[in-house]
Amino acid sequence: MQFDSAQLETFAAVVDEGSFDAAARRLQVTPSAVSQRIKALESRLGQVVVMRGKPARPTEAGQALLRLARQVSLLELEAITAVRGTVDALRLPIAVNADSLNNWFLPAMLDLSQNHDARFLVHQEDEEHSAEFLRNGTVLAAVTADPRPVQGCRVVPLGKMRYLPVATPEYAERWLTGKPLADALADAPMMVFNAKDILQHRLIRKVTRRKLDPPTHAVPAPGAFHQAVRIGLGWGMIEDEVAEPELAAGRLVDVAPGKYIDVPLYWQHWKLESGILDALTAAVLRAAATGLRTS
């Protein structure tokens with residue numbers, strides 16, 4: 001079975017943009033043309049590939065097709081660029097965890113953009129869950145915490161991010177003094193990034209050997225999360241390069257001296273003979289060598 005490249009491109013655009021109308025604007029065609037292409041694609045496959053909702057999402061069958069659509073689009077554009085001798089913008093959907101995006105990863109994007117006309121579409125996702133974006137075809141590469149390769153992907157170790165448990169001196173005086181740390185952590189308000197963030201709970205288990213459920217504030221933005229810790233709303237795990245200057249200045253204190261959590265990170269990308277993917281991987285490795293720990 002052969003696929004129509006225009007139909008595949010339209011399908012990927014609907015998923016990326018979240019609606020038929022937005023896909024039509026991106027492709028500079030009418031919404032009717034988008035609908036006709038999707039219907040023709042589904043008729044050819046004998047299966048629905050797009051769930052018509054807000055936003056539009058791929059079905060299970062559509063997820064496999066989405067991977068193909070992105071691969072075809074990338075390779076076609078690279079081939080056209082090579083034949084014409086001109087550079088066309090390459091659309092690169094990737095998944096990156098918030099702390100990497102807030103620290104070491106942006107230089108990799110700048111590095112690549114200096115030599116390639118690339119357009120990044122960044123999906124922010126927790127490193128424990130970003131591999132799912134590879135499985136369902138949403139992205140062509142991702143920063144993950146999983147060393148096991150997603151089917152059809154290569155895995156490259158990047159290094160480790162180290163997180164320190166910190167709080168303000170005033171917070172520590174109020175919540176963490178006068179009792180054993182294991183007991184204090186059971187009652188002390190704690191910051192988490194979101195429901196997927198288990199770093200603080202991992203530190204608690206490491207320190208207390210107990211499963212505790214302290215009161216929790218969820219703040220799903222790196223800058224706001226850090227600020228919440230800095231003003232004393234709760235204690236939290238902050239990257240060492242962000243926390244250490246605050247510790248040295250006395251604005252923060254170590255909640256559990258000598259204890260920390262290291263999170264190994266990996267770069268997973270599709271197995272494609274693609275110059276732009278190779279260049280992106282090289283840029284990510286250069287940035288990681290500067291911004292992550294190796295031991």
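**Core, strand and pocket**

Trainee: Which residues is Phe 105 in contact with, leaving aside its neighbours within four places in sequence?

Mentor: This is a predicted model, where local features need pLDDT of at least 70, side-chain atom pairs count only at pLDDT 80 or more, and totals for chains, interfaces and linings use all residues. Residues are numbered from 1 along each chain as its sequence is written, and side-chain values use heavy atoms, without hydrogens and water. Contact means heavy atoms within 4.5 Å. Phe 105 then touches Ile 94, Val 96, Ser 100, Val 143, Trp 267 and Val 284.

Trainee: Which helix gives the most to the largest nonpolar core?

Mentor: Such a core is a set of buried Ala, Val, Leu, Ile, Met, Phe, Trp, Tyr and Cys residues joined through side-chain atoms within 4.5 Å; buried means under 20% relative accessible area (1.4 Å probe, protein chains only). This one has 59 residues, and Phe 105 and Trp 267 are among those touching the most other members. Eight of its residues come from one helix (a DSSP run of H or I, at least four residues). That helix is α13, residues 275-291.

Trainee: What is the bridge partner of Ile 94 in β5?

Mentor: Strands are DSSP runs of E, at least two residues, and two strands pair if DSSP finds at least two bridges between them. Strand β3 (residues 90-96) has six of its seven residues buried. Two bridges join β3 to β5 (residues 141-144), and the two run parallel. The partner of Ile 94 is Ala 141.

Trainee: How many bridges join β3 to β4?

Mentor: Strand β4 covers residues 118-124 and runs parallel to β3. Pro 93 stands opposite Leu 121 there. The bridges number seven.

Key: Buried means under 20% relative accessible area, exposed over 50%, partly exposed in between (1.4 Å probe, protein chains only).
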